[in-house]
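Me: I would like to go through this model feature by feature. Please give the general idea each time, then the case at hand.

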There are 2 protein chains.
Amino acid sequence: MRLSTKGRYAVTAMLDLALNGQDGPVTLSDISENQGISLSYLEQLFAALRARQLVRGVRGPGGGYFLGRPADEISIADIICAVDEWVEFTRCQGKEDCRGGQRCLTHSLWDDLSRQIYDFLTDITLADLVARGLEKERECGSRKPGTTLEEVSDRAA
Amino acid sequence: MRLSTKGRYAVTAMLDLALNGQDGPVTLSDISENQGISLSYLEQLFAALRARQLVRGVRGPGGGYFLGRPADEISIADIICAVDEWVEFTRCQGKEDCRGGQRCLTHSLWDDLSRQIYDFLTDITLADLVARGLEKERECGSRKPGTTLEEVSDRAA
DNA sequence: TAATAACCAAGTAATATACTAAGTTAATAA
DNA sequence: TTATTAACTTAGTATATTACTTGGTTATTA
């Protein structure tokens, strides 16, 4: 498992999609402006997301991107793996002395941990994040019309 | 939270320490050989780990490194934060339009997730990892004398 | 006093990050 | 039909990070 700023950009962009994709497709230009990410970098990221069917592009005027499937069926792990390319950690099984050897012992412990992190992020969906954000927003109250979580959620309902 | 290969090297090295540091200090040369990490890179990593009191160095012949405190008091988050420099994610609170603005909404959702990952890794200690590895090893059985988890654990007891 | 191994600093090749530039293709609206 | 929009594609690049090399110094032990 890897968790870089690249993965963060991807998750952030997907969150933007989840929040704004209710009433029509969202353009990368919008996300670029909203999140302060360069358009071309977004295009790169979305090429990877599209390859995994996490988003669906619509061409032409009025076009943009939708989520590839419902927000509660897209996990954070899905997103991060799409852009960050799950690099398999030192798989020395077979190659080196792995019959209880010190090297592969620690490697297998690391693999276990990595698997745990992956499982953890597999259980968190975009929908979860948005829902949890909703609760928090409710506590603090909101001000600017049309851009609060409540109203976004109302539109979705 | 960041989770790079650098963090993986640090965790791997600390696991090595936890496993072999029972009967005396472990040299970076040993870890270098065991884990296939360059000595100088290890020195860089251990400078950061030492700064956070996660390891304790002993100079001179017969010297090496010990864990800075018991393995059950060192979390994976401690290790990763030591070498990876917890970069605070876009703190646009105040600077930009943050009263329900779309940008900071997604950013705060990301912050929440990042906090969750951090909390998750705070709950996992080196001792946990070693213990969980122990169980697994027991199931499969081991072969080479002196380097299996059972024997390492026996030495520790 | 010699050997060991931590500790320190500067430089570097290789890679990843994030972006710019310059297009092509498909869909819509004039 | 034509212009516009926005997805899609490719190539190149400045910057930063990674992982390492080199060449030291200091403290400790034999």
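Reply: Start with contact, which means heavy atoms within 4.5 Å. Helices (H or I, at least four residues) and strands (E, at least two) are DSSP runs numbered from the N terminus. The model is predicted: local features need pLDDT of at least 70, side-chain atom pairs count only at pLDDT 80 or more, and totals for chains, interfaces and linings use all residues. Residues are numbered from 1 along each chain as its sequence is written, chains are lettered from A and ligands numbered from 1 in the order in which they are written, and side-chain values use heavy atoms, with hydrogens and water left out.

Me: Which residues of helix 5 of chain A meet helix 5 of chain B?

Reply: A:Leu113, A:Gln116, A:Ile117, A:Phe120 and A:Leu121 do, and their partners are B:Leu113, B:Gln116, B:Ile117, B:Phe120 and B:Leu121. By class (Ala, Val, Leu, Ile, Met, Phe, Trp, Tyr, Cys and Pro are nonpolar; Asp, Glu, Lys and Arg charged; the others, Gly among them, polar), this contact has 8 nonpolar, 2 polar and no charged residues.

Me: Is A:Gln116 buried or exposed?

Reply: Buried means under 20% relative accessible area, exposed over 50%, and partly exposed in between, with a 1.4 Å probe and protein chains only. A:Gln116 is buried, because its relative accessible area is 19%. Leaving out residues up to four places away in sequence, A:Gln116 touches B:Phe120, B:Ile124, B:Leu129 and B:Arg132.

Me: What joins the side chains of A:Gln116 and B:Arg132?

Reply: A polar contact is a pair of N or O atoms within 3.5 Å; within protein, one must be able to donate a hydrogen and the other to accept it, and residues adjacent in sequence count only if both atoms are side-chain atoms. The side chains of A:Gln116 and B:Arg132 form such a contact at 2.7 Å.

Me: How many residues surround DNA strand D?

Reply: A residue is near a strand or molecule if one of its heavy atoms lies within 4 Å of it. For DNA strand D there are 25, the closest being A:Tyr65, B:Thr5, B:Ser40, B:Gln44 and B:Arg59. Sugar and phosphate make up 67% of the strand D atoms within 4 Å of the protein. The side chain of B:Thr5 places an N or O atom 2.6 Å from a phosphate oxygen of that strand.

Me: Which base atom of DNA strand C lies 2.4 Å from the side chain of A:Gln44?

Reply: A base nitrogen, the partner being an N or O atom of that side chain. On DNA strand C, a phosphate oxygen is also 2.9 Å from a side-chain N or O atom of B:Arg50.
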